[in-house]
Amino acid sequence: MLKHLVEYENKIEQLQLKIKNQETKEQKLQAKIREMATTIATLEAKLAKDESIADPTEPTSCLPFGNSSDIHTIRLPGTEAFQVPCDSRFAGNGWIVIHRRIDGSVSFNRTWDEYRQGFGDLRGELWLGLEKLHLITKFQPHELYVQLEDFNNEIRYARYSNFSVGSESQLYELLSLGDFTGTDGPALSEIPNRNTAHLNMKFSTPDRDNDISNGNCARDYSAGWWYHNCYSCDIHTIRLPGTEAFQVPCDSRFAGNGWIVIHRRIDGSDCYGYFQNQTDQMLKDLVEYENQIEQLKLKIKNQGTNAGAGKDESIAYPAEATSCLPFGNSSDIHTIRLPGTEAFQVSCDSRFAGNGWTVIQRRMDGSVSFNRTWNKYKQGFGELDGELWLGLEKLHLITKFQPQELYIQLEDFSGEKRYARYSNFSVGSESQLYELLSLGDFSGNTETALTRNKKTHHAGHLNMKFTTPDRDNDYKDGFNCGKANSSGWWFKKCYSCNLNGLYVHTKTGENQENTINWLAWHHKPLKFVQMMIRPVQK
């Protein structure tokens, strides 16, 4: 029996040595992951630094509202405005409340989609939403303040200097917390039980398990959170009077604190198996981070190479242009990017009305059909150097990002040319059915056809929803103007102009139905049309 006891003691020592080695390896891997996460954040900031440009007239946080503890509206570049509760009671002015628990009136046992979108009451219990947390902390660095109170009215707080949440593609990972201060322990970043730290963890919900345990922590605890591992293998040392000190596994998950585990069966694994699995996962994360860093470096390198080719040194080329203005008198294809969107190519023009115009529509030879579906008009179609429709979604994003003027160049088959210019062109979102929200003041050497014209008795198209052959949003009851005219447009009953109508090759000058036309000029088909927008020059 004594022989068996010695053998068991040797096995325990070997296992403890293995676990200690794994702990050391784990600490090194965690340090490497933190370093890589910082590198990725730096590279992303370098790649997308123009996202820090915001409309100064729209607050991007609660700071502009001073010592208010009320609900206010903020907007980040590239997003819709949304409401947030502000707070100045606990830690000074300008705090956005992202989470509040006060009375149990709201269930936090929610799905992934609900945690992504947010839920609750802005004046009561709430979760602001993971997507908003990502956008807010990506837009500019944020600190995090956590106010805590127990049922004995004891109050504590925790404060972290750099709180950052990843995107949905990163599973809303808790990327950063920064330095800790407070009157309680740093439970989010590091506490003695490493299995409950949350830094660098993906978000988990009852229906989306992203923790590193063998179970689903969110389902077990009926709430979404940045869970680490709910099955603790932590070992602590105790000593009973008259005995040598010995180690035991402790547990505080099921019935409060302070329980010694005397028997556990989970999945046939042991604590060493847990550490090995955790190490394997971190090695996978390292490979993923390394690939991410390489891709970002390559993207930045390519961006620098493209930007350096054939530049006019008199033109200021920003890292990422948001319009054609930075490209000077170019009438070529260039890449722009609006904050919060992927970069995309546009056709720039400086031939008709000065520099910096983005072509949003062009008709020149009938080579492209404009008899398209709603989705095609939404996404855009055609060729950037030929006939094209840039896309309703891009029109919405561009005109929402900053005020744009609209210039329309017209030419008929007799070689006669006209132009129309509007000072404030704006298109709504898809939820608004891409409504023609604004046109501003008109100028030009023809009559206006997009706005109401008392002289020609044309009703215009202002404030009309967009209609396509498969989506009828016009005002003509029981009749689809898009289908009847084989095109998409801001039809009313039906049109004062239709620049997306049928292209008809004719030099006869005869009036024809359903063709490209500007009725405030004449009813003849048009040979050439180009619609362009440019940021309003102050």
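Which residue forms a disulfide with Cys324? The notes below take up that link, then the other cysteines, a sheet and two single residues.

1. The partner is Cys348, and the two sulfur atoms lie 2.0 Å apart. Cys324 sits in the loop between α5 (271–308) and β14 (333–336). Cys348 belongs to strand β15 (residues 344–349). The pair thus links distant parts of the chain, 24 residues apart. The torsion about the S-S bond is -75 degrees, and the link is left-handed. Cys324 is buried, and Cys348 is buried too.

2. Keep in mind that this is a predicted model. The structure holds 3 disulfides. The remaining points should be read with the predicted status in view.

3. Cys62 and Cys86 form another of these links, with their sulfur atoms 2.0 Å apart. Cys62 lies in the loop between α1 (2–47) and β1 (71–74), and Cys86 in strand β2 (residues 82–87), so the disulfide ties together parts that are 24 residues apart in sequence. The value about the S-S bond is -80 degrees, a left-handed link.

4. Are Cys62 and Cys86 buried or exposed? Cys62 has a relative accessible area of 1%, so it counts as buried, given that the cut-off is under 20%. Cys86 comes out at 3% and is also buried.

5. Cys86 also has a place in a sheet. Its bridge partner in β3 is Ile96. Strands β2 and β3 run antiparallel and are joined by 2 bridges. The sheet is open, has 3 strands in the order β1-β2-β3, and pairs them in antiparallel fashion. Its edge strands are β1 and β3 (95–96), each pairing on one side only. Cys86 itself is in β2.

6. Which cysteine does Cys481 join? A disulfide connects Cys481 to Cys494, with an S to S distance of 2.0 Å. Cys481 lies in helix α8 (residues 481–484) and Cys494 in the loop between α8 and β23 (497–498), so this pair ties together parts 13 residues apart in sequence. The torsion about the S-S bond is about -85 degrees, so the disulfide is left-handed. Both cysteines, Cys481 and Cys494, are buried.

7. Cys497 deserves a line as well. Its relative accessible area is 0%, so Cys497 is buried under the 20% cut-off.

8. Where is Arg534 found? Arg534 is part of strand β25 (residues 526–535). Its relative accessible area is 11%; the limit for buried is under 20%, so Arg534 is buried. Leaving aside neighbours within four places in sequence, Arg534 is in contact with Leu325, Ala353, Gly354, Asn355, Gly356 and Trp357. The list of contacts also includes Pro403, Gln404, Glu405 and Arg421.

9. Tyr221 is a separate case. This residue is found in helix α4 (residues 217–221). At 37% relative accessibility, Tyr221 counts as partly exposed, because that class lies between the 20% limit for buried and the 50% limit for exposed. The C-alpha atoms of Tyr221 and Pro206 are separated by 8.5 Å. Along the chain, these two residues are 15 residues apart.

Note on methods: Residues numbered from 1 in each chain as written. Predicted model: local features only at pLDDT ≥ 70, side-chain atom pairs only at ≥ 80, totals over all residues. Heavy atoms only, no water. Helix = DSSP H or I, 4+ residues; strand = E, 2+ residues; numbered from the N terminus. Buried < 20%, exposed > 50% of the residue type's maximum accessible area, 1.4 Å probe, protein only. Contact = heavy atoms within 4.5 Å. Disulfide = S-S within 2.5 Å. Pairing = 2+ DSSP bridges.
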